[in-house]
Amino acid sequence: MNDIIVGMGEALWDVLPEGKKIGGAPANFAYHVSQFGLPSCVVSAIGDDKLGAEIIENFNAKGLQQLIETVPYPTGTVQVEIDQAGIPQYEIKENVAWDNIPYTARLENLAQRTRAVCFGSLAQRSVVSRTTINRFLDAMPHDNDPLVVFDVNLRQGFYNKDILCNSMKRCNILKINDEELVTVSRMFGYPGIDLQDKCWILLGKYNLKMLILTCGINGSYVFTPGNVSFHPTPLVEVADTVGAGDSFTAAFISSILKGKTVPEAHKRAVETSAFVCTQQGAMPLLPAELTQ
């Protein structure tokens, strides 16, 4: 059965002012997909250290399936400072385990059973993990039209035009926020047009099924050929925004895979991400009314 939904890339600890919390977009994505009742798996690498062992314990406690290799590098950490508006600022440690995800026979077997995958630009900052991600995408069965989601996720200086261009060519769903879209547009040479026009250009240029644009408090859009869905962002009491975007992606993809229309999936994604903003950390338990 080609039925597994995979989050692939960084698994790490977000070291927040109040203590450390498990993090990394792929794990956040896979965990929230599992809450929607679909089989999911996180792919990453950890070090042979206490932090790595704690990641495995944490994922096991959450019932999160994983294919995580142990490699001779330290487990990844991110120093997270939350500013006065509740927006996280990140300092991401380099040359860590998730920069060195190996391509294995087990991983190839997983790729052959994958129905949807979500990957980002951050885990491609090193050639090892970048090569592994690309080999995984190559090994996926393309006869059943899998969903290949590129969640841009620009962090610090860990991206370049080649990585972004290749990833956009490889995906069929692009997820990007308004700030990232400005950066990407500048790199790709069309900075002077409005956000929606930029989205239509990317949708056409890369022959995408969908382009998801999130604009923080200014709402979100899902572009499909010939149509656009818009939803305002609900006003909620924000605890922090860590992981909110990953929960949006997970809710949206899960809903699409369950046969929901784009507007229905979009509405559920907005509601899920708004709820996560009211909670501390990236992996809260979602209420049943969201996941059913």
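Trainee: In this predicted model, where is the place of Asn95?

Mentor: Good one to start with, since the backbone does something notable here. Asn95 is not a glycine, yet its phi is positive, near 55°. As for its place, Asn95 sits in the loop between β7 (88–92) and α3 (105–111).

Trainee: And what is the phi of Asp145?

Mentor: Let's locate the residue before giving the angle. Asp145 is found in the loop between α4 and β9 (147–151). Although Asp145 is not a glycine, its phi is positive, at about 55°.

Trainee: Happy with the backbone, so on to empty space. How much space lies in the largest cavity?

Mentor: A search of the whole structure finds 1 cavity of 30 Å³ or more. The lining includes Met8, Phe29, Cys118 and Asp246. The space in this largest cavity is about 60 Å³.

Trainee: Which elements each supply at least two residues of that lining?

Mentor: Start from the residue list. Ala25, Pro26 and Phe29 are among the lining residues, as are Cys118, Phe119 and Gly120. By class, the lining has 6 nonpolar, 2 polar and 3 charged residues. The elements that each give at least two residues are α1 (25–35) and β8 (114–120).

Trainee: Is Ser121 buried or exposed?

Mentor: Ser121 lies in the loop between β8 and α4 (127–139). Leaving aside neighbours within four places in sequence, Ser121 is in contact with Phe150, Asp151, Val152, Asn153, Leu154, Phe158 and Leu164. A residue counts as buried under 20% relative accessible area. Ser121 has a value of 1%, so Ser121 is buried.

Trainee: Why is Cys171 too far for a bond with the closest cysteine sulfur?

Mentor: A disulfide is a covalent bond between the sulfur atoms of two cysteines, and the cut-off used for the pair is 2.5 Å. Cys171 is buried, with a relative accessible area of 5%. The closest cysteine sulfur to that of Cys171 is in Cys118, and it is too far for a bond because the separation is 10 Å.

Trainee: How many disulfides does the count come to?

Mentor: The rule asks for cysteine sulfur atoms within 2.5 Å. By this rule the count comes to 0 disulfides. Cys277 fits that result: the nearest cysteine sulfur, in Cys215, is 14 Å away. Cys277 is also buried, with a relative accessible area of 12%, and the count asked for is 0.

Trainee: Which element gives the most to the lining of the second largest pocket?

Mentor: This pocket holds about 150 Å³ of space, and its lining divides into 3 nonpolar, 3 polar and 6 charged residues. Lys258, Glu264, Arg268 and Gln292 are among the lining residues. Two elements, α9 (262–277) and α10 (288–291), each supply at least two residues. The one that gives the most, with 5 residues, is α9.

Trainee: How far apart are the end C-alpha atoms of α9?

Mentor: We can set an expectation and then check it. The 16 residues of α9, at 1.5 Å a residue, should span 22 Å. The model agrees with this, as the end C-alpha atoms of α9 are apart by 22 Å.

Trainee: Last one: what do the buried residues of α9 pack against?

Mentor: The buried residues of α9 include Val262, His266, Val270 and Cys277. Ala265 is another of the buried residues, and it also lines the second largest pocket. The buried residues of α9 pack against α1, β11 (210–214), β12 (220–224), β13 (227–231), α8 (244–257) and α10.

Methods
Residues are numbered from 1 along each chain as its sequence is written. This is a predicted model: local features need pLDDT of at least 70, side-chain atom pairs count only at pLDDT 80 or more; totals for chains, interfaces and linings use all residues. Side-chain values use heavy atoms; hydrogens and water are left out. On a 1 Å grid over the protein atoms alone, a cavity is a set of points where a 1.4 Å probe fits but cannot get out, and a pocket is an open set with protein on both sides within 12 Å along at least five of seven lines; lining residues have an atom within 4 Å of a point. Grid points are joined across faces, edges and corners, and a volume is the space filled by probe spheres set on the points. Helices (H or I, at least four residues) and strands (E, at least two) are DSSP runs, numbered from the N terminus. Ala, Val, Leu, Ile, Met, Phe, Trp, Tyr, Cys and Pro count as nonpolar, Asp, Glu, Lys and Arg as charged, and the others, Gly among them, as polar. Buried means under 20% relative accessible area, exposed over 50%, partly exposed in between (1.4 Å probe, protein chains only). Contact means heavy atoms within 4.5 Å. The expected span of a helix is 1.5 Å times one less than its number of residues.
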